[in-house]
Amino acid sequence: MSDEAAARSRLEAIYAAAPPFRFEAGPFSLSTDRRWFSTVPGPSSGSAVLVARRWPGDSVLALWSLEGAEPTPAGTSPPV
């Protein structure tokens, strides 16, 4: 089984054990297991649109909605 198939199988088992939580904010939609919760983004215009944290632990997923030109095609992006 490939790493991707193993990861998908693990995720399906987690979702089968309990319904996923769904967080929605702006253009984003996020499905997680029950260990995740959403926090209120900061009040500034540069704050993330959606912030999800996992308990226990220190995992944080923050999503920003960026404006600007379309991304360049794969392979031509500048190094990060």
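What share of the contacts in the chain with a separation of 6 or more comes from residues 24 or more positions apart? In this predicted model, such residues account for 12% of those contacts.

**Figure 1. Overview of the predicted chain and its elements.** The chain contains 1 helix and 5 strands, and their order from the N terminus is α-β-β-β-β-β. Of its 80 residues, 14% count as buried. The exposed surface of the chain is about 6600 Å², and carbon and sulfur atoms supply 58% of that area. The average pLDDT of the chain is 83, with 86% of the residues scoring at least 70. Among the elements, the lowest mean pLDDT, 88, belongs to helix 1 (residues 3–17). The highest, 92, belongs to strand 4 (residues 50–54).

**Figure 2. The hairpin of strand 1 and strand 2.** Strand 1 (residues 21–25) pairs with strand 2 in the antiparallel sense, over 5 bridges. Strand 2 spans residues 28–32. The hairpin has 2 residues between the strands, and Gly26 adopts a positive phi near 55° in it. Across the pair, Phe23 stands opposite Leu30 of strand 2. In a regular strand, side chains alternate between the two faces of the sheet.

**Figure 3. Surroundings of Thr32 in strand 2.** Thr32 counts as buried because its relative accessibility is 5%, below the 20% cut-off. Leaving out residues up to four places away in sequence, Thr32 touches Tyr15, Pro20, Phe21 and Phe23. Phe23 also belongs to the largest nonpolar core, which is the subject of Figure 4.

**Figure 4. The largest nonpolar core.** This core has 6 residues in all: Phe23, Ala25, Leu30, Trp36, Leu50 and Ala52. Strand 1 and strand 4 are the elements that give two or more residues to the core. In soluble globular proteins, nonpolar side chains tend to be buried together. With neighbours within four places in sequence set aside, Ala52 is in contact with two other core members, Leu30 and Trp36. The contacts of Ala52 also include Phe37, Ser38, Ser59, Val60 and Leu61.

**Figure 5. Phe28 and its contacts.** Phe28 is located in strand 2. Is Phe28 buried or partly exposed? Phe28 is partly exposed, because its relative accessible area is 21% and buried means under 20%. Not counting residues up to four places away in sequence, Phe28 touches Phe23, Val49, Leu50, Leu63, Trp64 and Ser65. Two of these, Phe23 and Leu50, are members of the largest nonpolar core. Phe28 and Leu50 lie 22 residues apart in sequence, and their C-alpha atoms are 7.6 Å apart in space.

**Figure 6. Salt bridges of the chain.** The count comes to 2 salt bridges. One joins Glu24 and Arg22, whose closest N and O atoms are 3.0 Å apart. Both of these residues, Glu24 and Arg22, are exposed. The other is formed by the side chains of Asp33 and Arg35, with an N to O distance of 2.7 Å. Asp33 counts as buried because its relative accessibility is 12%, under the 20% cut-off. Arg35 has 36% relative accessibility and so counts as partly exposed, its value falling between the 20% and 50% limits.

**Figure 7. The cis peptide bond of Trp55 and Pro56.** Which two residues are joined by a cis peptide bond? The bond lies between Trp55 and Pro56, and its omega is about -10°. Pro56 is in the loop between strand 4 and strand 5 (60–63).

**Figure 8. Ile14 of helix 1 and Arg34.** Ile14 is a residue of helix 1. Its relative accessible area is 33%, so Ile14 counts as partly exposed. In sequence, Ile14 and Arg34 are 20 residues apart. In space, the C-alpha to C-alpha distance between Ile14 and Arg34 is 9.2 Å.

Key. Residues numbered from 1 in each chain as written. Heavy atoms only, no water. pLDDT = per-residue confidence, 0-100. Helix = DSSP H or I, 4+ residues; strand = E, 2+ residues; numbered from the N terminus. Salt bridge = Lys/Arg side-chain N within 4 Å of Asp/Glu carboxyl O. Buried < 20%, exposed > 50% of the residue type's maximum accessible area, 1.4 Å probe, protein only. Contact = heavy atoms within 4.5 Å. Areas by Shrake-Rupley, 256 points an atom, 1.4 Å probe, with all protein chains shown as cover. Pairing = 2+ DSSP bridges. Core = buried A, V, L, I, M, F, W, Y, C linked by side-chain atoms within 4.5 Å.
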